[in-house]
Amino acid sequence: IALSATCFDEMRALLEDKEFNWRQMSIPSFNLWQLFVYDPNGVLVELNFDATKEPFGSKGPDKTNIYEPGIF
């Protein structure tokens, strides 16, 4: 399931704080930041963030926990 979301940095911090198994990805050509996490039923949830609409100073994805299809 894929959803539009806002506040990438806050959501990533929440996932880290709650110790969820999550991954991230950036697609610069689409100005898109993504977070991936499984829900309690095992459904992969894709959260899509429009990088151009994120709050000023947002950092977005870094080089850790990179999403790779089929490996997560």
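1. A residue is termed partly exposed when its relative accessible area falls between the limit for buried, under 20%, and the limit for exposed, over 50%. In this predicted model, V43 has a relative accessible area of 37% and is therefore partly exposed. V43 is placed in the loop between β3 (32-38) and β4.

2. V43 also contributes to a feature of the surface. Together with I1 and L3, V43 makes a nonpolar surface patch of about 260 Å².

3. Attention may next turn to Q24, a residue of strand β2 (residues 22-27). The relative accessibility of Q24 is 0%, so Q24 counts as buried. Leaving aside residues up to four places away in sequence, Q24 touches F8, R12, Q34, L35, P61, D62, T64, N65, I66 and Y67.

4. One of these contacts is polar in character: the side chain of Q24 meets the side chain of D62 in a polar contact of 2.5 Å. D62 has a relative accessible area of 36% and is therefore partly exposed, whereas Q24 is buried.

5. D62 has a further partner. The count of salt bridges comes to one, and R12 forms a salt bridge with D62 in which the closest N and O atoms are 3.8 Å apart. Because R12 belongs to helix α1 (residues 8-17) and D62 to the segment after β4 (44-50), the pair ties together parts that are 50 residues apart in sequence. R12 counts as buried, since its relative accessibility is 11%.

6. In summary, D62 is in polar contact with Q24 through their side chains and forms a salt bridge with R12; R12 and D62 are also both among the residues that Q24 touches.

Technical notes
Residues numbered from 1 in each chain as written. Predicted model: local features only at pLDDT ≥ 70, side-chain atom pairs only at ≥ 80, totals over all residues. Heavy atoms only, no water. Helix = DSSP H or I, 4+ residues; strand = E, 2+ residues; numbered from the N terminus. Buried < 20%, exposed > 50% of the residue type's maximum accessible area, 1.4 Å probe, protein only. Polar contact = N/O pair within 3.5 Å; in protein donor to acceptor, adjacent residues only side chain to side chain. Contact = heavy atoms within 4.5 Å. Salt bridge = Lys/Arg side-chain N within 4 Å of Asp/Glu carboxyl O. Patch = residues over 30% accessible without salt bridge, like charges linked within 9 Å, V, L, I, M, F, W, Y side chains within 5 Å. Areas by Shrake-Rupley, 256 points an atom, 1.4 Å probe, with all protein chains shown as cover.
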